[in-house]
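Q: I'd like a close look at how one chain in this model is put together. Walk me through its sheets, what lies against them, and then the contact with its partner.

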Amino acid sequence: MIQSTLIYRYDALPLCGSVDDNNDPALVDQKKKCKILISRITPNSEPQATIESGEYNIHYLIASSIIYICICEKSYPRKLAFSYLQEISHEFQNSHGTEALGSTARPFGFSSFDNFLSKTKKIYQDQRAQSNLDKLNNDLADVKKVMTKNIEDLLYRGDSLDKMSDLSSSLKSDSLKYRRRAQRINLEALIRQYIPVVGVSLIFLFLIWYMFLRR
Amino acid sequence: MSSSRRRAYPQPSYASGPGNAVGGGVPVPQVNQFQQQQAYNGVDAVNRQFQGLNVGGNDAYAARTAGGAQYGQYGQYQQQPATPGAGVAGGVSQSPYDQYAQTQAAVQQPLAQTGASSYYLQGNNNAAAALPLNQLYTTDLSRELPPPISDLSLPPPPLVLPPNSTLIPNSETANASPEYFRSTLNVIPTNGSLLKKSKLPLALVVKPYNALKVSDENVKVTSDTTVSRCRRCRGYINPFITLAENGRRWRCNFCNLLNDIPSSFEYDEISGTIKNKFERVELNYSVVEFVAPKEYMARAPQPIVYTFIIDVSINAVQSGLTGTITRTILESLDRIPNENKTARLAFIGVDSNLHYFRFNEGLDGTEVLIVSDIDEPFLPSPDGLLVNLEENRPAIEKLLIDFPSYFEDTANQGFALGPALKSGHKMINHIGGKLICFSATLPNLGEGKLSVRDEASVSGKPKEAKTLLTSADSFYKSFAVNCNSSQITVDLFLTSSTYQDVATLSNLPRYTAGQTHFYPAWTSAKSEDVTKLSKEVSDHLSQDIALEAVLRVRASTGIRMSSFYGNFFNRSSDLCSFPTFPRDQSYVIEMSIEENINKPVVYFQAGILHSTSFGERRIRVINLAVPTSAKLNDIYASADQLAIVNLYTHKAIETALSSTLPDARDFLVSKVVDILNVYKKELVAGNVSGASPLQLSTNLRMLPILLFSLTKHLGFRADRVPSDHRAAALNNLGSLPIPYLVKYIYPTVYALHNMPDECGLPEKLITTNEETGEEEEVVTTNILLPEPLNDSKSSWENYGLYLIDNSSELFLWVSGNVVPGLVEDLFGTDNLYAIPTGKTELPEFSEEESEFNFRVRQIIGKIREQNDSIVWKNLYVVVGGSSNEPIEISQQRDLMALRMWAYSCLVEDKTGSEPSYRDFLTSLKTKVSQ
């Protein structure tokens, strides 16, 4: 079942969000993750992908600089989700496409599109409805190509790179420290090695002086 | 300059420019002459001037000084205004304050050598004087009888600000008009002890909206989504900031922190054009709306939702409430704000069961689903209960037409309001919105069940307030707080003919920013009742409400918001939460002075973050700048009596509910005594021992009569009042905006029998045609009203016709000895005792048939017409007593009660056990002399 739908522009400007039936904190959490996801999307990103995130799957589709996201339960067929995204992207493109890319677009300025979202959502609600079965059966939307990733990988990939660079720089400073310390230890070892020899030879010299020069 | 003057306008801590450092004194404030002569005509002028200053500055020091002077209102100038006309060239002072000015001239002398500072200097010699604040005039209350009621419609004492206190010089629109934002004191004391000594309260009255519809209000909206705020105090950029560092940064007028000017103020990235930052609306207007960027949205703006909870028990059906309401909703469907076509509606019918209406979305026909389990109410269907208005319009219309017929033959006396509210909450809690309840029955089933309270035994006794006016069931308050957190507002329309416990039920709207509307003994058999209810419900539904709103008021450092009054929930220390923001209420915020204020002007700013009814997230910001003074007479001369009355009304309500009604009345009287005492001790010139004790500044002279009238008001009077009426009156007192509140406390009376000929007709203005020089008459649409009279029988003639407007009803008083011709003209009959009395309407005659009738109706129409309130006033026709009236008339109990009711509006007279205003003044004399 489709829980929530979000439409964003490439520059992370929200255009429309569905009015959702439940206020489950887990879902609210997913929406927050979606926001981070949007900020990570670059022109080189996959045009469509599924991201596994906890109890939910996040499906997204990018069409002409607009990102369509839906949050579904894990059990909801991917094919249906993408066919839903296709449908809303066509409709949004037709009704608000140019307006949404203009400079005057305001955050959530297309909330009237929610009417279409809720209607379409209802059609896709029932997985067994005849039309939906047809959609499942035909291979028009070949979602096998769609990449699946885990949200953790996506969200924390950047973080781990940062962590790597942190690690390497701390490694560098540590190694410098170790080098200095090693030099000092070497010196100490040297001193410790030669101190007895020097001592014995001094005593020997004293004895010689005592024995030979006293007279 | 006297030392006290200097204390009043001390050197501000932040104005420590190089000039000050050298001078070691307060810089002479001045208006730049150059600027004075040349009316501000756009930013270019200012810029040119600035450039001139900078170019000429070959001396670094001078350039810096000049720079310090120039940026945005010339930081220092702002502190002290000049008395115009004392300008002298060359640094020689002729000002009356010569000693001081000469010092200044000496300080400025070195600067004179550099061309850069010539403007500065010219202005500088424009001798300085302290801000001429409002003058104090004293009035003897006991000689001013009857009180001059024209004062009630006067604006508050003007706010005297230094001429260059705004960023845009001499801006007319920089300071909020009193309709939006007014302070009880238009001169703020510089420290807390002075405020305490003055015995005047310090509070702000905020009314963020001044019309029910967006289109009736002209509020500027920013062009982009840039919201520039101070990093420390989070204040919004406003017309009172100052610019610094070549206009790259702005100094917050609340906390003095320097903030960056956003690049979009100067340069439009999208179109690549350079913009003029001085043209931005937020720097020009005191009331602006910022379009909020996405950071201000916790979730997408939600659609507007109305859930109608309709009483369908036998009381409601028989009184005609169910039928009237469904018809009214049907007729108002087009008026519901629905620009986006996203509005959603739901209907629940309530008796001892809950009746849900399930729509087959997009298709015709509805199912009625009845749930009789009221202990654990549940939603009988996962969808189809809350539906889109636009897409289900035919089905909704059909339901509303059929609705009364479903319940025609009911005999069900139960009314399970609590469970209905809970299921309504369940239905919309994921979106938020409004629960609108129409009820004609005391809730008598399920959670929140109420019972009739024993009025007879406590009425008129001190414990009346405790037993009758407090909440009888904690369910209502806790449910209201729940609703608030899920962004739900509850509105009540109560129409019972018997006890309905308004006191308890009104908790629901109070904490959810809703409103309680009370129609005692309402019945659809009376067409006037139907008109009133349906007009008010329809206007209520058509308001352009804002959703998911929060209000926060900021003030300059040293001032703290201490208590908040009005219908909302105080979520954290200073954040007021409104699930939906109504457009017909006002709010009062009391303040305390925590630290000494050493600035000549303090600032207040109200910010309301909200989503509009068409789904845009916006912030409405209202700014107010108020001068300060350390002198008691300045403070008294600029006190705003109407705002003070508004605050004391709230405080008296608080006292009544937490203590007793007599305590509340005593509180009001003691406030008058305190103020008179302070005035007598501190401010009466010479302090002559024989002088009348009842002296007060002229701008406060209506305060005693207003507070005195308040003690006689329905909500506070000592006579027996049905507790529902009292609770409803207290509720109104606590939410009405000032103009309506004043009328509610001190009703307006018009004499119609002797009104001038032009009254009641469209106002004609005579203007002179600019081209021809001939005088032309322009007919406006504004109906001219007669001058109001005092609320006292002594000003009445026994043959007169009077109209009383107490802001909830209109009384047309036809005196007993009225000329038969007038009765004939007005009512179409010459028998005074044959005219219909009580709640009625006048017969309608055209202007040709009876000019008098036409004019009276025009006046009534004008009084009823208001675009910032939903209240529709019913007209009551009252025939006054006379010595020759037939005995059967004088024995009519209805008429007697009606006369008593109308008389109770005449607050200056002795009514029942309450004293008259003259008696009150006499009793004050003894209290003050003590």
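A: Two strands count as paired here when DSSP finds at least two bridges between them. One thing to keep in mind throughout is that this is a predicted model.

Start with the 4-strand sheet in chain B, an open one that reads E2-E4-E24-E21 with antiparallel pairing. Its edges are strand E2 (181-183) and strand E21 (559-565); each has a single partner strand, so one side of each is left without a neighbour in the sheet. Going from one strand to the next, the twist averages 25°. Away from those edges, strand E4 (residues 203-206) and strand E24 (residues 587-593) of chain B run antiparallel and are held to each other by 4 bridges. Within that pair, B:Val206 sits opposite B:Tyr587 of E24(B). Then there's a helix to add: H20 (residues 641-658) of chain B lies across E2, E4, E21 and E24, at about 95° to E24(B).

Now for the other sheet in chain B. This open sheet has 6 strands in the order E31-E28-E32-E33-E35-E34, and its pairing is mixed. Strand E31 (788-789) and strand E34 (838-839) of chain B are the edge strands here, and since each has a single partner strand, one side of each goes without a neighbour in the sheet. Further in, strand E32 (residues 801-805) of chain B pairs with strand E33 (residues 809-814) of chain B, antiparallel, through 5 bridges. If you want a landmark there, find B:Tyr802, which faces B:Trp813 in E33(B). Helix H26 (residues 851-864) of chain B packs on this sheet, touching strand E28 (748-751), E32, E33 and strand E35 (874-879), and its direction makes about 10° with that of E32(B).

That leaves the contact with the partner. On the chain B side 27 residues are in contact with 19 residues of chain A. Between them the two chains bury about 1,700 Å², with 51% of that on carbon and sulfur atoms. In chain B, the residues that lose the most area to chain A are B:Lys294, B:Glu391 and B:His430, together 26% of what that side buries. There are 3 salt bridges between chain B and chain A, including one from A:Arg106 to B:Glu616, with the closest N and O atoms 3.3 Å apart. Polar contacts link 7 residue pairs across the two chains, counting pairs with both residues at pLDDT 80 or more. Sorted by class, the side of chain B that touches chain A has 10 nonpolar, 10 polar and 7 charged residues.

Terms used. Residues are numbered from 1 along each chain as its sequence is written. Chains are lettered from A and ligands numbered from 1 in the order in which they are written. This is a predicted model: local features need pLDDT of at least 70, side-chain atom pairs count only at pLDDT 80 or more; totals for chains, interfaces and linings use all residues. Side-chain values use heavy atoms; hydrogens and water are left out. Helices (H or I, at least four residues) and strands (E, at least two) are DSSP runs, numbered from the N terminus. Contact means heavy atoms within 4.5 Å. Axes are lines fitted to C-alpha atoms, for helices over the stretch in contact, and angles run from 0 to 180 degrees between N-to-C directions. Buried area is the accessible area (1.4 Å probe) that two parts lose on being put together, summed over both. A salt bridge is a side-chain nitrogen of Lys or Arg within 4 Å of a carboxyl oxygen of Asp or Glu. A polar contact is a pair of N or O atoms within 3.5 Å; within protein, one must be able to donate a hydrogen and the other to accept it, and residues adjacent in sequence count only if both atoms are side-chain atoms. Ala, Val, Leu, Ile, Met, Phe, Trp, Tyr, Cys and Pro count as nonpolar, Asp, Glu, Lys and Arg as charged, and the others, Gly among them, as polar.
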